[in-house]
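Student: Got a minute to go through this one with me? I'd like to talk about the side chains and the metal site.

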Amino acid sequence: MLRKQIHVPPLYIIATLLFGVKTYIAYRFLFNISIENYMQEFILFINPFASALLFFAISVWLKQKGQIRFIRYGILIATLILYFNLVFYRNFTDFITIPVLFQGSNAADLGTSALALIHLPDLLLFIDVIIIWMLSIKQKDTVTVNYSKRIKVLALSLSVGFLIFNYVLAEIERPQLLQRTFDREYLVKNIGLYNYHIYDIALQSKSQAQRVFADGNEMPEILEYSEEKKTNPEDSELFGVAEGKNVIFLSLESVQSFVINNTVNGEEVTPFLNDLINDSYYFENFYHQTEQGKTSDSEFLIENSLYPLPRGAVFFTHGQNDYHAMPEIIKEHGYFSSVLHANNKSFWNRDVMYDNIGFDHFYDVAAYEVTDENSVGWGLKDKEFFEQSIKYLQSQPKPFYSKFITLTNHYPFDLSEEDASIEPYNSNSRTLNQYFPTVRYTDEAVEEFFTDLKESGLYEDSIIVLMGDHYGISDFHNKAMSMYLDKDEITPYDHVQLQRVPFIIHIPGMEGRVISDIAAQIDVKPTLLHLMGIDSENDISFGQDLFGPDDKEFVALRDGSFISNDYVYTKDQCFDRETGELLGSEVSTVEGVPGEDTACTPMKSDVQQELSYSDQIIYGDLFRFYNFNLE
Ligand code: GP9
Ligand code: MN
């Protein structure tokens with residue numbers, strides 16, 4: 001008994017150490033996981049040990065024989081999972097997800113090239129398995145004992161504690177990591193491959209359960225509702241003006257409307273966009289409707305005219321649903337569609353979602369030459385991005401619909417001095433200060449892109465649509481923002497008005513005008529389809545053609561706030577839309593004075609109804625019950 005304790009550590013500790021070291025080496029040198037700072041490096045280092053300890057420590061609750069079996073097969077299976085991921089990664093630069101396992105096409109892809117992806121040195125990955133097997137045969141009685149209750153509880157508490165420590169660090173590094181599910185690489189980097197798989201299984205089971213209970217009975221009511229929003233093509237002012245033309249869509253990262261026609265330190269922030277507006281259709285009261293899925297939520301709105309979800313990124317949680325998205329619809333009318341964005345293809349699960357909704361091609365980071373010199377912050381600088389993209393536009397079949405997603409104007413708004421044409425603002429918020437030079441940089445990048453479009457001859461045959469994807473400056477910077485906007489404070493009304501993002505439709509040869517009607521991202525799909533001369537009669541959507549005769553009744557934000565012609569409703573308060581005056585509050589704001597119905601109250605339930613219809617479609621995957629091709 002004494003001999004055992006002195007010489008050899010218990011098998012579950014040996015397994016944890018060996019497996020932890022191996023997994024870390026694999027993360028660091030076999031997978032191509034990007035590390036941006038020391039904190040990330042540290043988290044990546046500890047997470048293999050945290051998961052391994054949690055797993056192998058379970059064995060202490062078993063009898064000696066059970067322990068041996070558990071650890072032996074455990075390490076073998078865990079290694080196989082690691083190895084399958086590696087082989088998959090070598091082909092797809094991505095980690096396995098449950099849906100992917102059941103996706104015929106991916107598996108088939110892998111099948112043909114699997115042999116090429118298996119390398120002889122991979123056997124080294126099994127060294128720890130061999131050691132554990134040998135130890136468990138030769139030293140059976142020295143590496144395992146029947147543990148006392150105290151040790152059992154201690155091992156369990158330690159391993160859970162370690163895992164929590166890991167998770168807290170990850171949460172500090174990437175707030176709301178699990179709720180938002182940015183990217184598989186982020187998840188693996190922060191909580192480890194195994195916890196990532198558990199998370200993926202949980203996510204999948206949840207959406208499967210909701211899906212199972214839906215049967216399509218909900219559809220007729222939703223259909224009828226969406227029908228009312230439709231505009232007859234003959235009543236649309238611009239039906240068909242872009243027929244047969246290319247549609248170039250620029251999703252401008254974090255650009256909000258408050259910078260348009262505005263200055264900082266006496267300098268125009270967006271001189272090019274300000275000019276462009278003069279010969280374009282410019283919607284000055286256009287709102288983003290995104291939630292946690294940020295850019296991907298805005299894309300979801302644009303392509304589907306459905307609302308993103310109240311939590312999580314629908315690109316991730318429901319990337320496999322049946323949709324009837326713009327790329328799929330326009331394909332039937334001879335359009336080629338693509339997305340250009342210099343980031344990992346798996347970020348926001350884009351690769352899976354794009355494929356599902358019918359995009360013909362995704363020019364992701366691999367299509368670009370990215371170096372330290374031409375990158376800043378999140379990656380390739382916008383100017384470089386546009387410049388390197390022109391060749392792809394030229395080589396595409398025409399007409400095309402191509403969506404560009406810019407990146408430089410992303411929090412924390414880093415920019416090198418030589419790229420900054422204007423001085424930062426001066427306030428207590430570094431974020432807001434830096435925002436102006438990066439917005440200006442994006443403005444210049446767009447200007448250069450227009451020049452390139454003209455030079456390449458693409459301009460005349462295209463319409464160019466520009467849209468801010470979502471806010472860039474959060475409430476956290478309200479103090480600095482109120483200073484910039486010269487207000488005493490940012491009220492809830494101001495907060496809603498700050499959710500406006502620019503929406504500009506530039507049609508070469510047409511003058512355009514400024515449109516003040518309320519509008520939002522949900523309206524982009526029906527509007528663009530009509531511009532392309534495509535009748536969206538068979539579509540189901542919640543948006544409206546913005547060139548149709550009817551005004552929108554309301555713009556619904558994803559948190560239930562809304563904007564109507566007359567009112568702005570948010571946080572139980574109703575404001576006058578023009579003046580911002582508080583008209584009433586549904587909950588008591590003054591002690592002794594009860595809350596009451598306000599002018600906004602009647603519309604509140606209509607807004608909730610619309611959001612709920614959209615959620616039902618997504619949670620129940622209801623479009624699988626509907627045949628869009630029927631007349
Ligand atoms: C990432 C880019 C930025 O690819 O779209 O994402 P965001 O954080 O804005 O959602
Ligand atoms: Mn974004």
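**Rings and a metal**

Tutor: Sure. This is a predicted model. To begin, the charged end of R72 sits over the ring of W133, at 4.9 Å from the ring centre.

Student: Which other charged end sits over a ring?

Tutor: K454 has its charged end over the ring of Y459, 4.8 Å from the centre.

Student: And how many aromatic pairs does the structure hold?

Tutor: There are 51 aromatic pairs. One of them is Y73 with W133, edge-to-face, with 5.3 Å between centres and 80° between the planes. Y73 belongs to helix α4 and W133 to helix α7, 60 residues apart.

Student: Is W133 buried, exposed or partly exposed?

Tutor: Partly exposed, with a relative accessible area of 25%. Y73 is partly exposed too, at 40%.

Student: OK, switching to the metal. What coordinates the manganese ion (ligand 2)?

Tutor: E253 (through two OE entries), T295 (OG1), D469 (OD) and H470 (NE2) do, at 2.1 to 2.5 Å.

Student: What about the arrangement, and why is it called that?

Tutor: It's irregular, because the six donor atoms around the manganese ion (ligand 2) subtend angles of 56 to 169°.

Student: Where do E253 and D469 lie in the chain?

Tutor: E253 is in the loop between β1 and β2, and D469 in the loop between β11 and α21, so the pair ties together parts 216 residues apart in sequence.

Student: Are those two buried or exposed?

Tutor: E253 is buried, at 3% relative accessible area, and D469 is buried as well, at 0%.

Conventions
Residues numbered from 1 in each chain as written. Chains lettered and ligands numbered in written order. Predicted model: local features only at pLDDT ≥ 70, side-chain atom pairs only at ≥ 80, totals over all residues. Heavy atoms only, no water. Donors = N, O, S within 2.8 Å, 3.2 Å for Na, K, Ca; no water. Tetrahedral: all angles 85-135°; square planar, octahedral: opposite > 155°, others 65-115°. Helix = DSSP H or I, 4+ residues; strand = E, 2+ residues; numbered from the N terminus. Buried < 20%, exposed > 50% of the residue type's maximum accessible area, 1.4 Å probe, protein only. Phe/Tyr/Trp six-rings, centres within 6.5 Å; stacked < 30°, edge-to-face > 60°. Lys NZ or Arg CZ within 6 Å of the ring centre and 35° of its normal.
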